[in-house]
There are 2 protein chains.
Amino acid sequence: MGDLQTVGKSLPRVDALDKVTGRAQYTCDIDLPGMLHAKVLRSAHAHARVLAVDTSAAEKAPGVKAVITRDDMPRDVPLDELQRELFAVPPYSLATDTARYTGEEIAAVAADDELAAEEALRLVRVEYEELPAVTDPVEAMKPGAPRIHADAEDNVQYRGATEYGDVEKGFAEADRIFEETYRTQLVHPATLDRTACIASYDRAGDLTFYENSIDPYKQSRYLPAILGIAPSKLRIVQKCNGSNFGALQGNLTPYVITALLAKKAGRPVRLVYTREEEFVNAGPRQLAVTTLRTGVKADGTITARDIRIVTNAGAYGYLGPAMITSGFTPCAGLYRCPNVRFEGLCVYTNTAVTSPYRSFGIVPAAFAMESMMNLIAEELGIDPVDLRLKNATRLGDVTVVGQEIGSCGLPECIEKTVDHIGWKQKRGKLPPNRGVGMAVGMFDSEVRNAPFSGSVALVKVLEDGAVKVISGEFEWGQGSRTVLSQIAAEELGVPLERVLFSELDTAVVPYALGPYGGGPVTMRGGNAVRLAAADARRQLFEVAAGMLAARPDDLEIGGQKIWVSGGPARALTLAEVAHHAKYILAEEISGRGHFEPDTVMRDRETFYGNYSSGYTFTAQTVEVEVDPETGKVKVLDIATAIDLGKAINPMAAEGQNEGCVGQELGPVLLEGIVYDGAGRVVNPNLIDYRLPTSLDTPPITGFLIESHEPNGPYGAKACGQVSNIPIAAALASAIFDAVGVRIKEQPITPERILRALEEKEAGEHATA
Amino acid sequence: MGDLQTVGKSLPRVDALDKVTGRAQYTCDIDLPGMLHAKVLRSAHAHARVLAVDTSAAEKAPGVKAVITRDDMPRDVPLDELQRELFAVPPYSLATDTARYTGEEIAAVAADDELAAEEALRLVRVEYEELPAVTDPVEAMKPGAPRIHADAEDNVQYRGATEYGDVEKGFAEADRIFEETYRTQLVHPATLDRTACIASYDRAGDLTFYENSIDPYKQSRYLPAILGIAPSKLRIVQKCNGSNFGALQGNLTPYVITALLAKKAGRPVRLVYTREEEFVNAGPRQLAVTTLRTGVKADGTITARDIRIVTNAGAYGYLGPAMITSGFTPCAGLYRCPNVRFEGLCVYTNTAVTSPYRSFGIVPAAFAMESMMNLIAEELGIDPVDLRLKNATRLGDVTVVGQEIGSCGLPECIEKTVDHIGWKQKRGKLPPNRGVGMAVGMFDSEVRNAPFSGSVALVKVLEDGAVKVISGEFEWGQGSRTVLSQIAAEELGVPLERVLFSELDTAVVPYALGPYGGGPVTMRGGNAVRLAAADARRQLFEVAAGMLAARPDDLEIGGQKIWVSGGPARALTLAEVAHHAKYILAEEISGRGHFEPDTVMRDRETFYGNYSSGYTFTAQTVEVEVDPETGKVKVLDIATAIDLGKAINPMAAEGQNEGCVGQELGPVLLEGIVYDGAGRVVNPNLIDYRLPTSLDTPPITGFLIESHEPNGPYGAKACGQVSNIPIAAALASAIFDAVGVRIKEQPITPERILRALEEKEAGEHATA
C-alpha cells in the first residue's frame, strides 16, 4: 500500500466548500409551495394525568390550518417482531392519558407561519391532574416512589445481569478490594442544527420527509405502520445535517406529528425545534450511577470485578437495554480479568427520553472504571501507566466477554501521550496545585446489533468520468462522505474532486442499518464502498477491453485513464469508457458492494460475543492547575492518542480525535441538565447551560496510532468516538495529583472541588 | 400462453385515476420557491438580418429579473462525432445574425409573472433588414430563390438517392406506366399540453429541468455541452405529459433559453408556450411533394417503381435525413417489386423546424403510393384488394430494402375490413355520390437508429410486495406505463394495481434511446421489462429458497406468493420475501433487463437493412357520401385493422388503432398550417386551424389482428402508429368511387373537390 494516491492524505472535506459558502442545503432552507409551520404544545408538568384537551379556540385562530391531539394519534400500531427485536418500540405518539415528563407532546398546530402557530398554542386548554414526579433513577427505585409506568415495578425498565469466571474466588484471592460509586449527569448534545423536518404528501398520497435526522432507515421501517401507509409510499430525504451526536435518535414523535398535521391540513408542514425544545425534548445523554468493586493483588493484578450501573432511561425507555450493553462490554473487555460480575439497571424517570450520545453507554462507566484504576495505582504505589500496561487487553486476546482483538495500539497510545506530557518527570513532582493525570479507553469500531449489520454501497462512473458514491451511511458532520469518497477515488484512480456523493434519499439509496453502534462509517461503509468501487472498476475494464481489443486482466487504471499494461500511449479516459458504456452499450457502470463483518450479536443474557470487527483504543494524559481558593481548574495541556488502525484522512481524524476531547471537556467540567423539584429543566438555554467556548479549550495535542486492523479498509478502524472516554478520569486524576482530592461526580465544578478540599481539610484536622 | 393472467387483458390505464382526478402532476402544476416566468420575443419576419437587439428598456421594466439575447448564446458548441452521427445537430440557439422564420427566437425575458415578462418583451427593440423569403420547398429549389443557409445550394439540406434492381428494365417490361404527383401539407401536432419546462439551478450549480418533453435522454446528451456544465450535473425530470405526437422533438431551444434565464436571474424559471407559439414554433409535420412512376403488367404485377420525395425541413433541417429514410423504406418494402429507384430531397424553407409527427416520414409518401395503387387498379380493371394481395409483401419475405418479415397479418387485415364494409357488394354499386375505398399500410415496429437501439429496464420488488418498474421508455399518453406494468405484473404474478412506475428522472432511470422510430415501447421496452421482471423473480426465488429451505428451481410464483411445488400451504408472500431480503440480507430485489434487437442500421447510402425487429401492417376500408353541390365529404363508415402481433392490452390497442385514424381525419379533410406571402402563419389558433371534433368523427370499427411476432414480448408488435398511414388514400379512393374525381392534394377540402368536379365536367364537355 505504499503507492496509495488518495487514501491516507489530509484532503479538505468534500462538503467544506458548500458549507462555508452557504450553498449546503439544510432542512430549514427548504420552502415548499403552500408550506405550513408547526408548533407543539408540551406538558407543563413532569407527571400528570391529561384529563381534557380543548382545541376549539385554537382551531379558529387566524392562520391555523390544522390542530392535532391524542385523538388523532395512531393506536395499537402493529410493529413486527423483528422491529421489536432490533430496536424495542420507539416513542412516536403525543401523550395519551398521562404526561410523563415536562415537555412531552400534548397537541400540535400547523399555521401559515410560526407566530400564528405559537399564538394558537396559547388557546389550547389542557386540564391536568398532577401526579408526584421523580427525576433521579436512584430515587425512582426506592419503595414508595411515584410509579411512572404500570408495568415497571420499582420503575425498572430493564435489568441485565451476568457473571463470568468466579467472582467470589477472585475477591478471595485479592490482596486489596476497592469499592467506590461514581456519578455522571444528563448532558445536552448541543447540536449546531436543531431538529427539523418537513412532511409533504403528494397528490397520490405518497409521503416525503425532508429532515436532518440520522434515522431515515429506521423511520422507513417504522413510520409506514404508524402512519398507516404502504412502505413503498414513504420516502425520506436527509438534508444537510449540522451535527448530531445521537440527538433524538429513534424518537419518531416529531415526524409523526408533522406528517399528521400535513395530512390533516392537506399542505406540506415544517417543524423546527426551538433551542429550548432541544433541551427538554431532543434527548440528553443518560446519567449513570456506577458502583465498582475491584479486587487486586499487591503487584497490581486484577483478580475480580463487580460492576453495577444504574442509569435513567427517561420517561420512555427506548434505548435503555442497548445503553446497558454498550456500557458494560467495553468496560469488561479493556482489562484482562476473568472474574467479572455485572448488573445493569435502566430506570424510568420523569425526564426526557435519552439519546445515544457519542460513545454511547461507555462514557459514564469509563469514568468510574478509570478513576478506580488511578485510585488503585495510588493506593498500591504503582505508576498508573504500569498498572494499565500490566492488566490491559492486548493484540490477539479474546476478552472475557468475547471481543477478539485483531489490532491494538494501546501501548503506543500510552507511550505517545505520557512522553508528550512528560509524565515521568512531572507525576508527583510538580509545584503545589499542579498535577498530571492519565487514563485509557476502548470502544467498538462498529457494532452488530441486527441480523444484517453490514453496509451496502453503489459506486457509479458517469459519462463524464465523474464517480458517484451511493451509500446509506450518514453524514452528520463527522466527515463520512469525505472518507468514503477518498476510498472510491483510490480504487478508481481519480482525484477526490471527481467524486460525487448521492444525497441520502430512501427512494434511491440502498438500505443501510444506520448509525447504530460505533459510527460504522469507516469500517462497514468503507469496506462496502471499496468493494463497490472494485466492482465498478471490473465493469470499466470489461468495456475498455472491448474498445481496446484487449483482455480485461491486462488493463491498468490510474489518473482517470485505463490502458493496456505497457501501452499507456493508447489510454482511454474514464469518461470515454463510461460514455461508450452508456451510449453505445446502454450499460451503466454501477458497482455494488455488500459488506458484512464476521461478527455475532451479543448474547442477550450474558452479553458475550465478538460483536465488532475491530476495537478502537485511546490514551490521554493531561496537566492541570487548580486554584485552591476558587476550586477552578485550568487545563494546561492535553495529549490524546487514538489507535484508529489507519488514518484514511489524517486531517479529518485529527479533528475527530481532538474535537472529541474538546467536546467532552464540557460535560467533565461545566455542563449538566438540571431538573428542579417539580421536574422542570431549569437551564434550557445556552446561557444557563454552559458549553465550553474556544476560549475554554486548552491546547490539545493529538496522536494517530496506525495499528492496521485486518478487518478494516486499508487497515482502518473507527475514529469518531472513543476519544471522549478517558478524559474525565484523566482530569480527575490530575486534580488529585494537584490538590489531593478525588472527585467522583461530574461535572467537576469549582464548587465540588472546594467542597472536597474542605472535607479533606476537615479529615486531616480530625486525623491530626 | 393460455394461462396469461394480466397480459392480453383489457385493463384500465394505470394512470387513468390520477388523470381524471387531477392528481397527475404536469409541469405547469409545479411552483418552485422564487420561480420566475419566461416569455420569448420572436422574429416578426420570415427572413431578415438581425442588425441590433436593444434590451436596455426591457431590463429596467417592473418585475424583470433577466433578459437574454444572442449575446448570451453559447457559440461553437463542441458536439462529438457520435452525436452528429446519431441525431445531426439540433436547434438550440436564439437567432444570431439572421432570423430564418417568423417566430424564431430573438430574445427572452424572465420576470416575476407572465404579464410582466410580456410587457417587457414590448420594450425590446429589434432592428431588422428584411430579406426575401420562401416557404414552399419546390419554390425554394428553383434558381433565384432566396438562399436560406450559405452552405445549402438550391436550399437542399439533404439528398438521398438509391436504386435497386434494374429500374429501366422493369419499366421496359411493363404494360402500363403510371406517373403522378401528390402533395401534403404542414400539420400541427395539436397536443393537449403545451410545451412547458422549468429550469432550476441549485446552490452547487447542478441544473434540474422539469418538463413535458419526450427528449430527456437526448437533452441529457446535448445540453451539458451547450450549457457548459458537466453531464453529471444535469438532471431532467419528465413530468406528466399531455400527449406529444412528436412535437418539438429534438428542438432544444426552449430548454436552453430557460436555463440561461435561470442562470442569469439566479432563480428557477418556467417557460410555457402559448397556443400561438405552439403553432409557429413547436414543429409541424413536414409537407411532402411525392412523384411516383410505376410500371405494371396487365395482370397487375408491379415491374418498376420510381419514387421521388421533396420535403421541407423548415428553416433548420434537424430531422431531414431521418424523415427521408423513414418515408422511403416502408414505402419500398410494402410491395414485392425488385426494381426501385428513389430520390429524396429535404429542402430548407423559411418556416418552423418540423417534427417527427406520428408515423414519421411515411404518411405523405403512403398517400401517394396507395392512391396510385388505387389508380392502377381502376385503370387495369382489377379490384384494388386483389391488386394488393397480388403484390404485397408476405410472411417470410426479405424485402427489396432488406426488411425481414417475421410476422404479417396483412391479408387478414384486408379481409376483416372489406368484409365489415361490404366491399364486394358496394364497390361501384352504390347509389350516386356514395363510394367505398380502401388502402393498406406498413410501418416499423421499432427502428434501429443508433449503435444501441434497445431498451434497459429495472424491476424492483419493494418490502411491501409492490413491484416498481424503472424504465426510460416514455409515457406521453400512449399507455406505455400500462403495457409495461402489465408485463411486469404477468412475470411476477401480481395484480396490475401492485405495480408502480418510476417517474422518468435521468438521475435514476437507466439510459434510454428515446422515442426514435416507431414508438419502441412495446417491443423494445416490453422485452426489457420482461427480462428485468424475470431477473427479479430469480432473485426472489433465491431469497425464498433460503427461507423455505428449498431449491430455487423447485419454487413457483403467483397470486403475490411463492411456494415449493406441491406445497402451497407453506407459501410466502412476496412482501415477506422482499422484506427479508431488505432487512435481513440487505439485498435489494432489483432485476435488470437489457434488450437489444437483432437488427442493423440502414445503410446510409442505400438505405438497405433489417432495421426493425418487427413490421406492423394495417388495412382500412371506408364508405363516404359526397355532396356534389358543396363538395362536402361525409364519412359514413371506417373499418381499420391493425396487425399488432399480440394485444397486451386490447382496450388500449383499440384506442390506439381507432384514435390514430380519428386523428388523421383532420389532416386528410380539414387541417393545414397556412403561410401567407410574407411567411407568417395565418391560422395559428384553434379557431382558424380546424381540428376535427368528436362530432366530425364518423363511426370507426377497429380490428386487432394477432399474427404473433417472434421478436416481440408475448408476440407483440407496436400499435401506436401505422393506423394513420392508409386513411388518406382510402378516403380519396372512396371519393373517386362516389363522384369520379381523384384528389391528389391534402387536405381534401370541399373546395378542392368542387374544383375537381368542375374540371372533370369541363373535361367531359371537352370530350363530348
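Leaving aside neighbours within four places in sequence, B:Q656 is in contact with B:R358, B:Q478, B:C719 and B:G720. This is a predicted model, so every value here is computed from predicted coordinates. B:Q656 belongs to helix α18 of chain B, which runs over residues 650-669. One of its contact partners also takes part in a polar pairing: the backbone oxygen of B:Q478 sits 3.0 Å from a polar atom of the B:Q656 side chain. Is B:Q656 buried or exposed? With a relative accessible area of 11%, B:Q656 is buried, because the cut-off for that label is under 20%.

**A buried aspartate in chain A**

Let us move to A:D383, in the loop that links α11 (362-380) to α12 (384-391) of chain A. Its relative accessible area is 14%, and A:D383 therefore counts as buried too. Which residues touch A:D383 once the neighbours within four places in sequence are set aside? They are A:A377, A:W423, A:K424 and A:R427. With two of these partners there are polar contacts between side chains: the one to A:W423 has a length of 3.0 Å, and the one to A:K424 has a length of 3.5 Å. For a sense of scale, A:D383 and A:L51 are 332 residues apart along the chain, and their C-alpha atoms are separated by 62 Å.

**Two helices crossing in chain B**

In chain B, helix α11 (residues 362-380) and helix α12 (residues 384-391) have axes that come within 9 Å and cross at roughly 115°. That angle makes α11(B) roughly perpendicular to α12(B). On the α11(B) side, the contact is made by B:E370, B:M373, B:N374, B:I376, B:A377 and B:E378, while α12(B) supplies B:P384, B:L387, B:R388 and B:N391. By character, the residues of this contact divide into five nonpolar, two polar and three charged. As for handedness, the crossing of α11(B) and α12(B) is right-handed.

A general point helps in reading such a list: an α-helix has 3.6 residues a turn, so residues three or four places apart point the same way.

**An enclosed helix and a buried serine in chain A**

How many of the twelve residues of helix α7 (residues 216-227) of chain A are buried? Eleven of the twelve are, so the helix is largely enclosed by the rest of the structure. The buried set of α7(A) takes in A:P216, A:Y217, A:K218, A:Q219, A:S220, A:R221, A:Y222, A:L223, A:P224, A:I226 and A:L227. After α7(A) comes A:G228, with a positive phi near 70°.

A:S445 is placed in the loop between β16 (434-444) and β17 (455-461) of chain A. Its relative accessibility is 0%, so A:S445 counts as buried. The side chain of A:S445 forms a polar contact of 3.5 Å with the side chain of A:T616. In sequence A:S445 and A:R524 are 79 residues apart, yet from C-alpha to C-alpha the separation is 9.3 Å.

**Backbone features to check**

Most residues other than glycine have a negative phi, and most peptide bonds are trans. Against that background, a few places in this model deserve a look. B:S243 is not a glycine, but its phi is positive, at about 75°. B:A586, also a residue other than glycine, has a positive phi near 55°. Both residues are buried: B:S243 has 15% relative accessibility, and B:A586 has 4%.

Where do the two cis peptide bonds fall? The one in chain A runs from A:Q746 to A:P747, and the one in chain B runs from B:Q746 to B:P747. The table puts these four backbone features beside the loops that hold them.

| Residue | Backbone feature | Loop |
|---|---|---|
| B:S243 | positive phi, about 75° | between β11 (234-238) and α8 (253-265) of chain B |
| B:A586 | positive phi, near 55° | between α17 (574-585) and β24 (589-595) of chain B |
| A:P747 | cis bond from A:Q746, omega near -5° | between α19 (727-739) and α20 (750-767) of chain A |
| B:P747 | cis bond from B:Q746, omega near -5° | between α19 (727-739) and α20 (750-767) of chain B |

How values were computed: Residues numbered from 1 in each chain as written. Chains lettered and ligands numbered in written order. Predicted model: local features only at pLDDT ≥ 70, side-chain atom pairs only at ≥ 80, totals over all residues. Heavy atoms only, no water. Helix = DSSP H or I, 4+ residues; strand = E, 2+ residues; numbered from the N terminus. Buried < 20%, exposed > 50% of the residue type's maximum accessible area, 1.4 Å probe, protein only. Contact = heavy atoms within 4.5 Å. Polar contact = N/O pair within 3.5 Å; in protein donor to acceptor, adjacent residues only side chain to side chain. Axes fitted to C-alpha atoms, helices over the stretch in contact; angles between N-to-C directions. Parallel < 35°, antiparallel > 145°, perpendicular 65-115°, else oblique. Left-handed = near helix turned anticlockwise from the far one by under 90°. Nonpolar A, V, L, I, M, F, W, Y, C, P; charged D, E, K, R; others polar.
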